[in-house]
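This briefing looks at how some helices pack against one another and at the surroundings of one side chain. Please have the sequence and the model at hand while reading.

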Amino acid sequence: RKNKKGRTCAHVAAWQGHDSVLRYIGGRDPALLSIQDLAGWTTAHEAAKSGNMKMLQLIVDHCPAAALIQDKHGETPLAKARAHGHKAAIKFLEKVHAAG
């Protein structure tokens with residue numbers, strides 16, 4: 001189920017850092033981690049914006065594709081991490097992109 005911005009409970013969990021909720025969702029249906037909201041963001045975009053490495057690792061472990069999806073502006077989670085200067089997230093997401 002989505003809210004008026006197209007976000008799911010997985011988006012909110014990633015944004016707010018609720019790893020137990022996201023782990024549960026990813027364990028039940030990993031594809032839910034790659035759902036895009038109205039702006040085209042996945043859970044990985046949310047985690048990358050805040051630089052939350054625990055969330056990024058969890059998302060990539062369950063659904064690597066979520067870290068490669070472009071939003072409505074053509075930006076991946078890596079671009080979000082770069083825009084917000086999260087060095088650890090940048091390094092991690094560069095490796096994810098290289099692995100493709």
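In which helix is the place of histidine 45? Histidine 45 belongs to helix H3, and the description that follows rests on a predicted model. The points below begin with this residue, then turn to two helix pairs, and end with the burial and capping of helix H4.

**Histidine 45**

- Histidine 45 has a relative accessibility of 0% and therefore counts as buried, the cut-off for that class being under 20%.
- A polar contact links the side chain of histidine 45 to the backbone nitrogen of threonine 42, at 3.0 Å.
- When residues up to four places away in sequence are left aside, histidine 45 touches Gly40, Ile69, Gln70, Asp71, Glu75, Thr76, Pro77 and Lys80.

**Helices H1 and H3**

- Helix H1, residues 9-16, packs with helix H3, residues 43-50, at an angle of about 15 degrees, and the two axes are 8 Å apart.
- Because angles under 35 degrees count as roughly parallel, H1 and H3 are described as roughly parallel to each other, and their crossing is right-handed.
- On the H1 side the contact is made by Ala10, His11, Ala14 and Trp15, while H3 contributes Thr43, Glu46 and Ala47.
- Sorted by class, the residues of this contact between H1 and H3 comprise four nonpolar, two polar and one charged.

**Helices H4 and H6**

- The axes of helix H4, residues 53-62, and helix H6, residues 87-99, cross at roughly 15 degrees and come within 10 Å.
- That angle makes H4 roughly parallel to H6, and H4 passes H6 in a right-handed crossing.
- Met53, Leu56, Gln57 and Val60 are the H4 residues that meet H6, where their partners are Ala88, Ala89, Phe92, Leu93 and Val96.
- The contact of H4 with H6 holds eight nonpolar residues and one polar residue, with no charged residues.

**Burial and capping of H4**

- The buried residues of H4 are Met55, Leu56, Leu58, Ile59 and Val60, and Leu56 and Val60 are also named among the H4 residues that meet H6.
- The cover over the buried residues of H4 includes H1, H3 and H6, together with helix H2, which spans 19-28.
- At the N-terminal end of H4, asparagine 52 acts as a cap, with a side-chain oxygen lying 3.2 Å from the backbone nitrogen of lysine 54.

Definitions and conventions: Residues numbered from 1 in each chain as written. Predicted model: local features only at pLDDT ≥ 70, side-chain atom pairs only at ≥ 80, totals over all residues. Heavy atoms only, no water. Axes fitted to C-alpha atoms, helices over the stretch in contact; angles between N-to-C directions. Helix = DSSP H or I, 4+ residues; strand = E, 2+ residues; numbered from the N terminus. Parallel < 35°, antiparallel > 145°, perpendicular 65-115°, else oblique. Left-handed = near helix turned anticlockwise from the far one by under 90°. Contact = heavy atoms within 4.5 Å. Nonpolar A, V, L, I, M, F, W, Y, C, P; charged D, E, K, R; others polar. Buried < 20%, exposed > 50% of the residue type's maximum accessible area, 1.4 Å probe, protein only. Polar contact = N/O pair within 3.5 Å; in protein donor to acceptor, adjacent residues only side chain to side chain.
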